[in-house]
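Student: Hi! I've just opened this one and could use a hand finding my way around.
Tutor: Happy to help; let's look together.

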Amino acid sequence: MENIQNILYAAMWFAILGGAMGILLAVAAKVFYVKSDERVEEISELLPGANCGGCGYAGCAALAEAIANGEAKTSACVAGDEELAAKIAAIMGVAAEKPVRMRAQVMCSGTSEFAKKKYQYEGATDCYAASKLGGGDKLCPNGCIGLGTCVQACVFDAINVVNGVAVVDYEKCQACGKCVTACPKHIIKLIPYDSTHWVGCMSVDKGAVTRKYCDVGCISCRLCEKSCKHGAVHVNDFVASIDYEKCVECGECVEKCPRKIIWSDKSQRVSITINPEHIGEI
Amino acid sequence: MDYVVEILLLMLGAVLVENYIFAKFLGICPFLGVSEKPDTALGMGFAVVFVMTLSSAATWAVYYLILVPFGLEYLETIAFILIIASLVQLIEMFLRKFVPALYGALGIYLPLITTNCAVLGSALLNIQNGYNFIESLAYGFSSAVGFTLAIVIFAGVRVRISFAEPPKSFRGTPIALIAAGLIAMAFSGFSGMSF
């Protein structure tokens, strides 16, 4: 009989304790109530949820809050398509904006066959670590180190290192820009998704110097600049670059480039890296 | 004066000699789960310091003011779980309303440590060791500092490991556990210290 009394006694006290805690929390929930915007919830459900940070906010939840507060554009999600921007715009009650889809592009063509090395690197598998050792194992100071720091940084699994140069899979790339900031050589750029031409070199050395360390480096001969009828290609700091505002994708510069480093990608959207001109040589 | 020294020694002992992770093996789950980056490890550590100090005070009060007078000491574990869970909820609501900056920093870690064994462990050890209120607070706070120290050191080690490329079968958790074992061995050196 005493046992049962003990059990009931304990149960009673715990019922009181638990009830007291429950009431306390219920009261606290009212007292400390923070008004939250239900649009935040709706928008974060729409966002991809990869927390890539490409929009410049800490994650998808932070972006949802910023959009709801009117701080960010409805098309701010770089990983989302037009449809997503339109849905978010509908929640916010504003006109939809058309996002410009971008993609990352590694501006280096110096695969292991073409770029010469100054030493054999056998350290940590990290481009930062390698770049501390005399700027990496390639002679070119602006060449891809190829140890895959961008591969690690990519949350969409869109980058691979092929033949010592990082390659972006366009279909998977959401242009979040993580690889752009991760690259110690700063040779990854975001370019418009639809543009099919780019200069695969960022070497800012004079032609004669570039020739010494890479077979496919820009020698700033300016043939591309002269050939372009639309004024879209310019050679500054001994390296050519394309102005995507003006480029009409005519492919004239691709034909003229003696180093074959202006890439045309009309035919092979996903698997790039190898310039058709070079295939015979490899 | 002697009492202050005693408290300080208790705290030093809790941080180094009786380190929760390396000597008592409490709180291993966040230790392995949130130690991939030093930033998040530090955030987790601060959240544990915050909760453990407050829960030490709350559970001490509940034990000596409610459980002991009614002869319910044998139910301390379940009572403490109840208290800690409600306390963490309360703290979360309070921070969200009045200190949004701190809520932003600790927010995601607070619910995680509601059921952390380190937090419950410190509450139970306070009672087992017969600490008074001040000692309980000091012990709770400093063992959480010890936890933070351990997790931040380990996060630093893991960052280095991620660049080192161990053999394939060791990648990820296996090499992390080996590293944790080595740090625990280093920490066992402190056990020779006696105060």
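Tutor: Let's start with two helices: the axes of α2 (residues 38-46) and α4 (residues 82-92) of chain A come within 10 Å and cross at roughly 175°. Axes are lines fitted to C-alpha atoms, for helices over the stretch in contact, with angles from 0 to 180 degrees between N-to-C directions; helices are DSSP runs (H or I, at least four residues), and strands too (E, at least two), numbered from the N terminus.

Student: Why does the angle matter for α2(A) and α4(A), parallel or antiparallel?

Tutor: It makes α2(A) roughly antiparallel to α4(A), a label for angles over 145 degrees. Residues making the contact (heavy atoms within 4.5 Å) include A:Ile43 and A:Leu46 of α2(A) and A:Ile88 and A:Ile91 of α4(A).

Student: Is this a prediction or an experiment, by the way?

Tutor: It is a predicted model, where local features need pLDDT of at least 70 and side-chain atom pairs count only at pLDDT 80 or more, while totals for chains, interfaces and linings use all residues. Residues are numbered from 1 along each chain as written, chains are lettered from A and ligands numbered from 1 in written order, and side-chain values use heavy atoms, without hydrogens and water.

Student: How many residues does each chain put into the contact between chain A and chain B?

Tutor: Chain A gives 20 residues and chain B gives 19.

Student: And how many salt bridges are there between chain A and chain B?

Tutor: Zero, taking a salt bridge as a side-chain nitrogen of Lys or Arg within 4 Å of a carboxyl oxygen of Asp or Glu. Over all chains, the structure holds eight. One joins A:Lys116 and A:Asp215 at 3.1 Å, N to O, and these two residues are 99 apart in the chain.

Technical notes. Parallel < 35°, antiparallel > 145°, perpendicular 65-115°, else oblique.
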